Amino acid sequence: MERLQKVIANSGYCSRRKAEELILEGKVFVNGSVIRELGTKVSHDDEIEVDGLSIKKDHNYEYYLLYKPRGVVTTTNDDKGRKTVVDLIDTTARIYPVGRLDYDTTGVLLLTNDGVFANGLMHPANEIDKVYIAKVEGILSGYDVKMLKSGIMIDGRKTAKCHVKVRSVDKKKNTCIVELVIHEGRNHQVKKMIEAVGKKVIKLKRERFGIFDLSGLKASEYRRLTAKEVHVVYSMIKK
């Protein structure tokens, strides 16, 4: 048995002091009943909700940031025998990738066994930035950029508004480097958006996902997230 505020804090949702405030405000439920008394003890089997969000109650969750290389599939196993992103992480935990990156796409990929953490980051309502850098065959016009920014039809549905910036242009090679910041996570979204304006993605890299970037990492390298980073993510997704 552990004190409720300690369990909430250990989950990464917020600090212990903030957890105490939430309890006093009547925003914490245990097994469906509101708890307002500080020091209430809970067991591993109790179901805890804070502001409508079910939280984890143990210390067995793992969180990794991987610089995904090309030629690795974003899945836990592959029936074709190809190397997966999970194969690159040295752990015995049953982790899985948060979202997907294509086989030939590189960049930021998070892996965890914490479902609340993963689902919160992927849910479009939380509007977590995903920053992609694409090398494009063909040069985007001002009209192309405007269309992409305002939303464009792919797979019968319009994309959400996003940020698009042409970083550089190579007229001799007829290519350009484009930065796109999106919140959605639809299948092959960036590639399909570029194709919708008559161009083609040659290379694609995700430079940032929320607060996470590739600082200090080379392709195939990874690191564990810090407790502070987990706390920040929970503060972003708790609504």
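Helices here are DSSP runs of H or I with at least four residues, and strands are runs of E with at least two, numbered from the N terminus. Counted that way, the chain has six helices and 17 strands. Keep in mind that this is a predicted model.

**The overall picture**

Laid along its principal axes, the chain's C-alpha atoms fill a box of roughly 70 × 40 × 30 Å. Of the 239 residues in the chain, 46% are buried.

**Two helices with a buried side**

Start with helix α2, which covers residues 16-24. Ala19, Leu22 and Ile23 are the buried ones there. Looking down the axis of α2, those buried residues fall within an arc of 100 degrees, so they line one face of the helix. Turn to the face of α2 that points away from the buried side, and you find Arg17 and Leu24, both exposed.

Helix α6 can be read in the same manner. In α6 (residues 227-237), the buried residues are Glu229, Val230, Val233, Tyr234 and Ile237. Down the axis of α6 the buried residues fall within an arc of 140 degrees, so here too they line one face of the helix. The face of α6 turned away from that buried side carries Ala227 and Lys228, which are exposed.

**Salt bridges**

How many salt bridges does the structure hold? There are 13 of them. Three are set out here, with their N to O distances.

| Positive partner | Negative partner | Distance, N to O |
|---|---|---|
| Lys6 | Glu2 | 3.5 Å |
| Lys27 | Glu25 | 3.5 Å |
| Lys191 | Asp104 | 2.8 Å |

Take the Lys6 pair to begin with. Lys6 has a relative accessible area of 31%, so it is partly exposed. Its partner Glu2 is partly exposed as well, at 26%.

Next come Lys27 and Glu25, whose side chains meet in a salt bridge. Lys27 has a relative accessible area of 34%, which makes it partly exposed. Glu25 comes in at 42% and is also partly exposed.

The side chains of Asp104 and Lys191 make the other bridge in the table, at 2.8 Å. Where do these two residues sit along the chain? Asp104 is in the loop between β8 (96-97) and β9 (106-112), while Lys191 is in helix α5 (residues 189-196). They are 87 residues apart, so the pair links distant parts of the chain.

Are Asp104 and Lys191 buried or exposed? Asp104 is partly exposed, with a relative accessible area of 29%. Lys191 has 18% relative accessibility, and because buried means under 20%, Lys191 counts as buried. The story doesn't stop with the pair, either: salt bridges that share partners join Asp102, Asp104 and Lys191 into one network.

**A positive patch**

Which residues gather in a patch of positive charge on the surface? They are Arg70, Lys135, Lys173 and Lys203. Lys135 is a handy one to look up, since its place is in strand β10, residues 130-137. Residues in such patches have over 30% relative accessible area and no salt bridge. Lys135 has a relative accessible area of 32%, so it is partly exposed.

Key. Residues are numbered from 1 along each chain as its sequence is written. This is a predicted model: local features need pLDDT of at least 70, side-chain atom pairs count only at pLDDT 80 or more; totals for chains, interfaces and linings use all residues. Side-chain values use heavy atoms; hydrogens and water are left out. Patches are made of residues with over 30% relative accessible area and no salt bridge: like charges are joined within 9 Å, nonpolar side chains (Val, Leu, Ile, Met, Phe, Trp, Tyr) within 5 Å. Accessible areas come from the Shrake-Rupley method with a 1.4 Å probe; for residues, only the protein chains shown count as cover. A salt bridge is a side-chain nitrogen of Lys or Arg within 4 Å of a carboxyl oxygen of Asp or Glu. Lys and Arg count as positive and Asp and Glu as negative; His and the chain ends are not counted. The place of a charge is taken as NZ of Lys, CZ of Arg, CG of Asp or CD of Glu. Buried means under 20% relative accessible area, exposed over 50%, partly exposed in between (1.4 Å probe, protein chains only). The arc is that of the directions from the helix axis to the C-beta atoms.
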